[in-house]
Amino acid sequence: MVSVIGASLTEFGRRKDGSSFRDWAADAFESALSMSGLERSDIDLLACSSESDFFTFQLNPASVIAGDLGLTGAASMRVEGGGASGQLAVHSAVNAIRSGQAKRAAVVGFDPSASQLSAAAVKELYCLSFDAWTDGMTGTSSTVLYALSFQFFMETRGLDERHLAQVTIQNRDNALSNAKAHLGRRHSAQEIYASPIIASPYRRLHCSPLSDGAAAIILSERNSAPNQRRNAPRIVGIGASSDKPRLGARNAPGEFRSKTAAMKIACASAGLTPADIGLAEIYDAYAGAQLQAIEALGFTDDIICDLERDAFRPGGRLPVNLSGGLMGQGAPAGAIGVGQTANCALFLEGLHYSELQPASPPKYALADTHGGVCTTSAVTILGVGL
Amino acid sequence: MIKRELPLEYRLAPGWLTPWIESVVRGETLARSCRACGRISFVPERVCECGCAEGIWKSLPGTATVIRRTFGADGSFGLVRFDYADTCTVVELDGFELGNRRGKLVPPGGHLPKLILQPEFGAASA
């Protein structure tokens, strides 16, 4: 069993204070290490996640981060899988511990997605997240591809812009309770309907922001954890899968099939079903993507009915993105998956700083990410009190 | 702040995609047909869904039907199916009005292999 004995996130946002991703990584790591009760010399593996060297201006970032964190001597690696980079780094560390190659690992995710390059440059780089030789050459943006995918889903489920507004309002409202979030806002539906169309049906307010930030978790094989952290939340299931990178090559462009496959693997390894999950941090790069993900993960049979019943709001059947998600908390690419896992661990343990921390935390939580238009999927199930 | 520019000029060798890239630049529609099952992919897939990695190049007429379209600040794009292809692809829609559903691939007018669809002259509107 692998336990999450330390978890921390920096503020997500557009940093203008002269700090760099190396500072944020160090801040997140030191805080997580302090929570874990370990010394830095106890860490024998560092798994970093960062989506792109273009963002950091640093090839082999794990080497400099290991140096900055005082982890020279530990095995170090950088894991990359687009938006799923953070979860895949978590999985790499979990697998290293399960296999006996490591006993205690630090997973540190970071990216300066907002402050180091212009928004136009970052947007152009994100076009390379898909098939850069085909869709990328044609000039399709991330929003264009997500919009086309969502149109299929929207039509077959009978969704409309009211449902996109509901997701936007909920995630940004949740972020208001998260002091470290990038975009805590109280939007009205009219404000959302009036925001510029980026790629129909997506408007500017349906999109997640470009953010700077870092997150870190400390993982330990259960028996190698300090006594005071032996009851920390555990990672009970992990799963990953992939789909065709080009939307047009898929038989069902509106379905997030790799997410469904990843979830099945994670649930099988945990001996759980989606109904056992009591809280989820879901990859909401766009408002509609959250709805596609909720269904793909097996959390609903009728998305409209569940939205009308407020099933995914705080206090609902399955609270989704209490942190605010990518749309509200923010989206520093490499930090997203690590941050989601950190959020889940903190919520399960009753230690999250958000005002939305459930008074009676559930037993299981899910962290869900993907890269591309749900091309590379990775999910992690955490449990507490086991 | 450290200001640093990194000018990069890539020279991308298209490898197995060379025939396709060169055809797109000419405004032609070259698809890949699976040797085992005959499935036609455009954009070409190196390995077919049936698992066969052998394919032959096959010219298509270049006409397509728009399945989905999106427009806005990021431009006008569509998910289209080229006639005789078994897969769809994303293209830029140039000069399309709301009623246009049929189009034809045109040369991109530069060295980049961009997939650009213009309304097919005389095609019926939906």
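**Reading an interface and a sheet**

Reader: Let's start with charges. How many salt bridges are there between chain A and chain B?

Author: Four salt bridges is the count between chain A and chain B. Bear in mind that this is a predicted model. To call one, look for a Lys or Arg side-chain nitrogen within 4 Å of a carboxyl oxygen of Asp or Glu. Try it on R68(B), which forms a salt bridge with E155(A): the closest N and O atoms are 3.3 Å apart.

Reader: Okay, and what about polar contacts? How many residue pairs does that count give?

Author: You get 14 residue pairs in polar contact between chain A and chain B, with both residues at pLDDT 80 or more.

Reader: Which elements of chain A should I look at on the side that touches chain B?

Author: Go to α6 (135-138), α7 (142-157) and β5 (197-199) of chain A, since each supplies at least two residues of that side. The most comes from α7(A), which gives eight residues. As for chemistry, the side of chain A that touches chain B divides into 14 nonpolar, eleven polar and five charged residues.

Reader: How much area do the two chains bury between them?

Author: Buried area is what the two parts lose on being put together, summed over both. Here chain A and chain B bury about 2700 Å², and 62% of that is on carbon and sulfur atoms. Want three residues to click on? W133(A), M137(A) and T138(A) supply 25% of the area that chain A buries against chain B, more than any other three residues. By residue count, the contact takes 30 from chain A and 37 from chain B.

Reader: Let's move to chain B. What does its secondary structure come to?

Author: Chain B has one helix and eight strands. Along the sequence the pattern reads α-β-β-β-β-β-β-β-β.

Reader: How do I read a sheet there, and in what order do the three strands of the open one run?

Author: Follow which strand pairs with which. In chain B the order is β2-β1-β3, with antiparallel pairing. The edge strands are β2 (40-41) and β3 (55-60) of chain B; each has a single partner strand, so one side of each is left without a neighbour in the sheet. Strand β1 (residues 29-34) of chain B pairs with β2(B) over two bridges, in the antiparallel sense. To find the register, note that R32(B) stands opposite S41(B) in β2(B).

Reader: And the chain as a whole: what share of chain B counts as buried?

Author: The share is 43% of its 126 residues. The C-alpha atoms of chain B fill a box of roughly 55 × 40 × 25 Å along the principal axes. Among contacts in chain B between residues at least 6 apart in sequence, 44% join residues at least 24 apart.

Note on methods: Residues numbered from 1 in each chain as written. Chains lettered and ligands numbered in written order. Predicted model: local features only at pLDDT ≥ 70, side-chain atom pairs only at ≥ 80, totals over all residues. Heavy atoms only, no water. Contact = heavy atoms within 4.5 Å. Buried area = accessible area lost by both parts, 1.4 Å probe. Polar contact = N/O pair within 3.5 Å; in protein donor to acceptor, adjacent residues only side chain to side chain. Helix = DSSP H or I, 4+ residues; strand = E, 2+ residues; numbered from the N terminus. Nonpolar A, V, L, I, M, F, W, Y, C, P; charged D, E, K, R; others polar. Pairing = 2+ DSSP bridges. Buried < 20%, exposed > 50% of the residue type's maximum accessible area, 1.4 Å probe, protein only.
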